[in-house]
Amino acid sequence: MENEKKLESFVLVHNIAKRHNVGTLARSATAFGVSEMILVGRRDFNAFGSHGSTSHVRFRHFHSLADAKVFLKERDCDICGVEITENAVAVNEHPFKRSTAFLLGNEGTGLSAKECEICDFFVYIPQYGCGTASLNVTVAASIVLHQFGVWAGFSERTREGNKFSVAERPFKQAKKNYCMETSESVAEERRLKRENLANGFFEDTGKEESPSNLLDTLFDD
C-alpha cells in the first residue's frame with residue numbers, strides 16, 4: 001500500500017438537493033480525515049449540523065463535473081461513485097488503489113448518467129435489514145469514508161475522556177456559507193444562475209450577493 005501521506009480522500013458533491021446536508025457531510029468529512037469537500041454546481045450551502053466542523057475542512061468549487069475531474073486527475077485521484085450499479089463492489093471489500101474522491105448523488109434520484117460517466121468505479125453499502133431501500137446521503141458518506149480510512153491506514157485521533165480531541169480551528173470561516181474563489185468564477189456563477197433560473201432549475205430567492213464580496217473566500221490561508 002502507498003504511504004499514508006500520499007493517500008487522501010475527497011467528497012465530491014454535485015447540486016445536492018438538501019443544502020443542509022452539506023453541514024452534516026462536513027462533520028463526517030472532518031471525522032474521517034477528508035482533505036477537501038468539492039462542490040460542483042451551486043456553491044451556497046447550509047452549515048447546520050456541522051457543529052463547527054466546516055472550519056476544519058477546505059471547500060473548493062467547480063462549475064462543472066468535467067472541471068472537477070481534471071483537478072482530481074491531476075492529483076492522481078480516482079473518482080468513486082457511491083451507488084448500487086451492476087458492477088459496484090461492496091465498500092467493505094476495500095476496492096481502493098490510491099487517493100479517492102467519493103461522488104455522492106442527489107438524495108432522491110441517486111447518481112445521474114452524467115455523474116456516472118466520470119466515475120472510475122462504484123461501491124455500495126451492504127444492508128442486512130428489510131425496512132429501507134437506501135440510506136440517507138450523510139449516513140452513506142460516513143460509512144464509505146470510514147471504510148476508506150481503515151484501508152488507507154489513517155491514524156486514529158487521540159481521545160479525551162469519552163470523546164475525540166478537537167484541534168484548534170485552522171481555517172477562518174467567512175460570514176456566509178458560500179464557496180467563492182475569483183471574480184471570474186463569480187461572474188460565471190451569475191451567468192449560470194441566470195440560465196438556471198430561466199429554466200426553472202433553482203428557486204429564485206430574490207437576493208443578490210454584494211459586489212464587495214466578489215473576492216471573498218470561504219477560508220483565509
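Is His94 buried, partly exposed or exposed? In this predicted model, His94 has a relative accessible area of 23%. Buried means under 20% and exposed means over 50%, so a residue in between counts as partly exposed. His94 is therefore partly exposed. The residue is found in the loop between strand S5 (89–90) and S6. Its backbone also stands out: His94 is not a glycine, yet its phi is positive, at about 55°.

The strand that follows this loop is S6, which spans residues 100–104. S6 is mostly covered, and five of its five residues are buried. In a regular strand the side chains alternate between the two faces of the sheet. In S6, both faces are covered. Thr100, Phe102 and Leu104 lie on one side and are buried. Ala101 and Leu103 lie on the other side and are buried too.

S6 has strand partners. One of them is strand S1 (residues 9–14), which pairs with S6 in the parallel sense. Five bridges make up this pairing. Within it, Val13 stands opposite Leu104 in S6. Strand S4 (residues 78–82) is also joined to S6, here by four bridges. S4 and S6 run parallel. Asp78 stands opposite Thr100 of S6.

A positive phi is also found in the loop between helix H2 (65–73) and S4. The residue there is Asp76. Asp76 is not a glycine, but its phi is about 55°.

Technical notes:
Residues are numbered from 1 along each chain as its sequence is written. This is a predicted model: local features need pLDDT of at least 70, side-chain atom pairs count only at pLDDT 80 or more; totals for chains, interfaces and linings use all residues. Side-chain values use heavy atoms; hydrogens and water are left out. Buried means under 20% relative accessible area, exposed over 50%, partly exposed in between (1.4 Å probe, protein chains only). Helices (H or I, at least four residues) and strands (E, at least two) are DSSP runs, numbered from the N terminus. Two strands pair if DSSP finds at least two bridges between them.
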